[in-house]
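Subject: Structure handover

Hi,

Here is the structure for you to look at. Please open it first, then read my notes below.

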Amino acid sequence: MLLHLSTWAEIEARLAADRSIVIPIGSNEQHGPTGLLGTDWLCPEIIAHEAQKTHDILVGPTFNIGMAQHHLGFPGSISLRPSTFIAAIGDWARSLAVQGFQRIYFLNGHGGNIASIEAAFSEIYAEASFAGRARGYALRLRNWWELPGVQALCARLYPQGHGSHATPSEIAVTQWAYPGEVRTASYAPQIAPSGPVREAADFRARYPDGRMGSDPAQASPAAGGEIVALAARVLADDLAAGW
Ligand code: NI
């Protein structure tokens, strides 16, 4: 069930039976010469939307702008600063919580978001702690590549050149979902360098084509389909457990 294609009355009825929701969250940022700018929000959205076709889960609108300040040297990248992002995540969660959602599960697609999402959760829990009351609802962060079994599958598909940005696995997921948007390029070097992440000018100097440690030429729509099928299958179980 997709929240944005539902009515308020349908959501009210659903809340009487189930109080959990999945929010895909990512970032709109460069993904090397061939990766789509939306890759990091498309991947969790693709997985969550696929999962709700066969499982009784509610998926909210995708939070598609994240903490990507280090990518701002590449056109098309859009970022919130950490403080803005933390405040926005908090208000998304509070909006849902006042209506009765008790389990808010963020399916994340961008490593650069992790620190801010965790900080947003801590801000919300601190409100309850300083007020001396129970928190009333629970928040969870799950990176899509850490859904049970997914990392092992990606390691098997890409034993070399997976890297950490513009990875063949994330690009494969978008290729499967958007087969008309597949790009190719010659990469030099074939596997991009790895290193630290700092400000945008430093990032572009270290990683001139935008990749980090990856060889996206290995991506294929078929492999993306395999990753999506597994991730979508385990998402509902992961949502139900571990609160
Ligand atoms: Ni990415």
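Helices here are DSSP runs of H or I of at least four residues, numbered from the N terminus. With that in hand, glutamate 170 can be placed: it sits in helix H6, residues 168–177. Keep in mind that this is a predicted model.

**The nickel site**

Which residues coordinate the nickel ion? They are His31 through NE2, Asp40 through OD and Glu170 through OE, at 1.9 to 2.2 Å. Along the chain, these donors follow the spacing H-x8-D-x129-E. Histidine 31 and aspartate 40 are buried.

Glutamate 170 is buried as well, yet it has no salt bridge. The nearest side chain of opposite charge belongs to arginine 211, 11 Å away. A salt bridge needs the nitrogen and oxygen within 4 Å, so that pair does not count. The side chain of glutamate 170 does reach the backbone nitrogen of threonine 167, at 3.0 Å. Leaving out residues up to four places away in sequence, glutamate 170 touches His31, Thr39, Asp40, Cys43, Trp144 and His165.

**The nonpolar cores**

The largest nonpolar core has 29 residues. Leu107, Trp144, Leu147, Val150 and Leu235 have the most contacts inside it. Helix H2 (39–54), strand E2 (103–108), helix H5 (150–157) and helix H8 (221–240) each supply at least two of its residues. H8 gives the largest share, nine residues.

Take leucine 235. Neighbours within four places in sequence aside, leucine 235 is in contact with Ile47, Ala48, Ala51, Ile57, Tyr105, Leu107 and Leu147. Another core lies apart from this one. That core has 24 residues, including Phe63, Ala93, Ala97 and Ala120.

**The salt bridges**

How many salt bridges does the structure hold? Eleven. Arg14, Asp18 and Asp56 are linked in a network of them. Arginine 14 pairs with aspartate 18, with the closest N and O atoms 3.8 Å apart. Arginine 14 also meets aspartate 56, at 2.9 Å from N to O. Arginine 14 lies in helix H1 (residues 8–15) and aspartate 56 in the loop between H2 and helix H3 (82–98), so this pair ties together parts 42 residues apart in sequence.

Is arginine 14 buried or exposed? It counts as buried, at 11% relative accessibility. Aspartate 56 is exposed, at 64%.

One more pair: arginine 94 and aspartate 91 form a salt bridge, 3.0 Å from N to O. Both lie in helix H3, three residues apart, about one turn of the helix.

Best wishes

How values were computed:
Residues are numbered from 1 along each chain as its sequence is written. This is a predicted model: local features need pLDDT of at least 70, side-chain atom pairs count only at pLDDT 80 or more; totals for chains, interfaces and linings use all residues. Side-chain values use heavy atoms; hydrogens and water are left out. Donors are N, O and S atoms within 2.8 Å of the metal (3.2 Å for Na, K and Ca); water is not among the atoms, so sites may look incomplete. Buried means under 20% relative accessible area, exposed over 50%, partly exposed in between (1.4 Å probe, protein chains only). Lys and Arg count as positive and Asp and Glu as negative; His and the chain ends are not counted. A polar contact is a pair of N or O atoms within 3.5 Å; within protein, one must be able to donate a hydrogen and the other to accept it, and residues adjacent in sequence count only if both atoms are side-chain atoms. Contact means heavy atoms within 4.5 Å. A nonpolar core is a set of buried Ala, Val, Leu, Ile, Met, Phe, Trp, Tyr and Cys residues joined through side-chain atoms within 4.5 Å.
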